[in-house]
Structure formats: structure tokens, C-alpha cells
Amino acid sequence: MTRVRAADAALCPACGSPVADDPRFTSWCPSCEWNLAPPPAPAPAAPAPEQRRTDRRRRKEETARRTVRDRVERVYTAVAADRPAVRDPAWLGANALAGAVHLTTLALAVCAAGLLIAAPTWPLRVLGLFAAALVLSLRPRLGGLPRNTARLYRGDAPGLFALTDRVARALGGRPVDVVLVTGDFNAGFGRIGLRRRHVLWLGLPLWAVLDPGQRLALLGHELGHQVNADSRRGLWLRSALAALDEWEELTRPALYRQSFGTFVELAASAILQLLLRPVNLVARALLELLDRLTLRTGQAAEYRADRLAADLAGTGASLGLLRTLMLRRTVDTTLLRMRADRARRARRTGTDPAPAAGPWEELSAQLADVPALERERLLRLSAREFGTVDRSHPPTHLRLAMLEARPPAAGRLRADAADWPAIDAELAPAARQVAADLEIGR
Ligand SMILES: [Zn+2]
Ligand SMILES: [Zn+2]
């Protein structure tokens, strides 16, 4: 990491303006963006042909990135101009494509059943078994509750559920049935199982560093997913995407490449690769197409969820939430450091007293301590890198810009109406479990 030494810390080596100079964070120049992203450590020199291949791959990736960027920016412009985008031709195309994927699975299931029941010879029956196994991995799945995640039901956390009920009611959605507490710097909402139970995922590293208003905005965004017309989350499109993902994974050439074995084994592996490659290419092309066709409705739905959150919790709280989402790297490094500190303390027990505050309070205090110029650096870096919280969300800086472009909302719900000490106490057992999983506390 490039660091400016204390003696010449005050000025930017590129333009001479004052630089951000906190020894705990990257030094950078707000005027010319010198060292906005510290250059990565130089990689060891590779042989020339390999270097050429790496360069070619990098250029290809850069072009693909630029294409996606242009597309995402066009969606932003369309949504900002309020052009209707919910039921566009692309959306119809995506649903038709999903239908074709489901029909393929159905046809395969019929073939498998036919072969298993009526095949006259055993090789055909084996083929039937094989097809049945394939159908099993391609079938639409309703999802289930993960086993090792802390769960909270209504009876466990009346305060938290009172809050989610209030948010759901204000949005015109249905109440949450289960809260899953995770160690991710993220949150989510979905429907699971035959009964389509409403599940809210709460990542504690995120929840712990948000203030009450921002937590309300987070719930507003997540529960807003019920009413923001996000068709990608529906079973029809989601299971088609999952089936295509499965096709792609099962036919990936690397899976069957062998470099050792008898001649027959090598030949068999080569033939299998030759046969599977076209299927793999088609699956990949369809995945990309489905992604493209749903990009506009999907991202428009995310912007809409942000707007719902702002109407509910106030524009200020929603902006604060989005700015906090940019601190992912800071949260990651802080958690790593806390883990290392704890391991060190454990090695020399007795001499090194444990911190007075719990791990989540410590994380929150560390994040509150990030100076404004470091936040500004992360914001600009996120815009440059087109940073997103995950694949389904628009880049965070565009979400910020979308909210900033609208008249500010005061918020319909008051964050201080919730019983926060009670909610903290209800979350405490899950918080201890997650802290233990992340090895930052007990
Ligand atoms: Zn400069
Ligand atoms: Zn979202």
C-alpha cells in the first residue's frame, strides 16, 4: 500500500493539493483522486505466451464490464425519467425463455419415466435412471430454512416482530414469519417452502453498525421487495435461472478433464468434453440472455424498494444506509483484526484483559470512527468500480444518486417508536452465536 510519509504528508505528489492523511487509512487526494485505489502489488513476471493470454482475457473482461456498465446506466436514466418499465417486451421474453427451460425439464422427466417404466433393455433403463437424476437436480425448488443459522420466530422476539409488522403494514405487504440472523454484511427477504413463509435475513455485521433510522430504512427496503413488482424473485423466473445454472455447472468442461489415466479413460474424457461443450455454451448464452432481459425490471424494482424505504424511514436515513453499505471492506478488515486480537488474547490469557464492550458494540464504534474523507474515498471508489452489494442490485452510487435526485421525504414511521433495548435483548442469543461463528466473541 502506498503511504505518504509524515514529513511530506500534507501534499499530493501528483497535483500538490492537501491529501487525506490519517495513518489508519489510505492516503489519497480528493482533488485529483491520486491513490484513490492503492495499486495492487506487482504480480511476478509470467512467461510471454501466458502473459499474452492473461492480457487478452483482461481486455475481454474489460469490454464485457463496459457493456454491462452502459446497460446499467441506461436503466438508471430510464428509471430516473420515470419511463414505465414493469411489463416491457424484454420481461415477456424472459418469461417465455423461462417457460422453455421448464418445458425442457418436463420433457426430460417424461422421457425418464417412460424409460424407467417401459424400456425393454437394461442399458436404456440405466439411461432412464441417469435422466431421472438430471431431472432431480433441475427441478424447481421451493427452498428450505438453512440448518445452522440462528432463527427467530414471533414468540422469540416480540419487539422485533412488532417492528417488522409495523413496516409491513405501512408498505401494504404481509408480515414476516421467520427472521434468520447471519454473519453477512447484508440483509434479504424471500419466500421459502411449500407454505411460502416470509423470511427476513438480517446480517448482524450490517445491523449492528446502523442507527435506528437506518435499520428502519433497511427493513423498508427488504420488505419493500414484497410490493415492488420484482418478477425475478418469483418462482417462475427464479427456478428457470437455477435450472440453467445447474445445466451450466453440470456440463462445465473442466469438470471432466483428466490428465492421468489409461488411453481409454483419456479418450472417454475427451469425447465427453466434446459432447458437453455445446450444451455448456448454450446454457451460458441463455443465462446471459435471461440476465439481460430481466436487468431493467429487476433494477427498476430495486430503485423502487429504495424509494419505499425513503418514504417510510425518511430520505436521510435511506441515504445513510446506502453510504454504510459502501463500508464493506472496512467492516471486513475490522472483523479480521478483531478476530486476530481475540486469538492473541486467548494465547496469553490473563495478561491481556478482554475489551469491556461486546464484539458488536466494538464493531459499531470502529465504524463510527471512520473519518469523513475515508468515507468519501470509498464512495468515489465504489462509483469508479461500479460496486454493488450483490448481483441483483444496481451499483450503490447510482442508488444514492436516484434518491438524491428526488424531493426529500420526512418518513412516515418514527424509528424511536420501537423498543430498541428490547430488540437488542431479543437478538442477543443469536448475536452471541454469530460472534462465535465469526470468531470475534462468545
Ligand atoms: Zn492530487
Ligand atoms: Zn434489494
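Glu302 is buried because its relative accessibility is 0%; buried means under 20% relative accessible area, exposed over 50%, and partly exposed in between, with a 1.4 Å probe and protein chains only. Before I go on, a word on the source: this is a predicted model, where local features need pLDDT of at least 70, side-chain atom pairs count only at pLDDT 80 or more, and totals for chains, interfaces and linings use all residues. Residues are numbered from 1 along each chain as its sequence is written, chains are lettered from A and ligands numbered from 1 in the order in which they are written, and side-chain values use heavy atoms, with hydrogens and water left out.

Back to Glu302. Glu302 sits in helix H8, residues 263-313. Helices here are DSSP runs of H or I with at least four residues, strands are runs of E with at least two, and both are numbered from the N terminus. What does the side chain of Glu302 make a polar contact with? The partner is the side chain of His393, at 2.8 Å. A polar contact is a pair of N or O atoms within 3.5 Å; within protein, one must be able to donate a hydrogen and the other to accept it, and residues adjacent in sequence count only if both atoms are side-chain atoms. Leaving aside residues up to four places away in sequence, Glu302 touches several others, including His221, Arg232, Arg233 and His393. Touching means heavy atoms within 4.5 Å.

His221 and His393 bring me to the next topic, since both are also in the lining of the largest cavity. The structure holds 1 cavity of 30 Å³ or more, and the volume of the largest cavity is about 80 Å³. A cavity is a set of points on a 1 Å grid over the protein atoms alone where a 1.4 Å probe fits but cannot get out, and lining residues have an atom within 4 Å of a point. Grid points are joined across faces, edges and corners, and the volume is the space filled by probe spheres set on the points.

Which helix gives the most to this lining? That is H6, with 3 residues. Helix H6 (212-224) and helix H9 (315-325) each supply at least two. By type, the lining has 6 nonpolar, 3 polar and 2 charged residues. Here Ala, Val, Leu, Ile, Met, Phe, Trp, Tyr, Cys and Pro count as nonpolar, Asp, Glu, Lys and Arg as charged, and the others, Gly among them, as polar.

Glu222, another lining residue, gives a link to Ala168. The C-alpha atoms of Ala168 and Glu222 are 9.8 Å apart, with their positions 54 residues apart along the chain. Ala168 belongs to helix H4, residues 158-171, and is buried at 3% relative accessibility.

Now two backbone angles. Most residues other than glycine have a negative phi. Asn35 has a positive phi, near 60°. Asn35 lies in the segment before helix H1 (48-80) and is buried, at 8%. Arg196 also has a positive phi, of about 50°. Arg196 is in the loop between strand E3 (187-192) and strand E4 (197-203). Is Arg196 buried or partly exposed? Arg196 counts as partly exposed because its relative accessible area is 22%.

Last, the cysteines. A search of the whole structure finds 0 disulfides, a disulfide being a pair of cysteine sulfur atoms within 2.5 Å. Cys32 is partly exposed at 35%, and Cys111 is partly exposed at 46%.

Note on methods. On a 1 Å grid over the protein atoms alone, a cavity is a set of points where a 1.4 Å probe fits but cannot get out, and a pocket is an open set with protein on both sides within 12 Å along at least five of seven lines; lining residues have an atom within 4 Å of a point.
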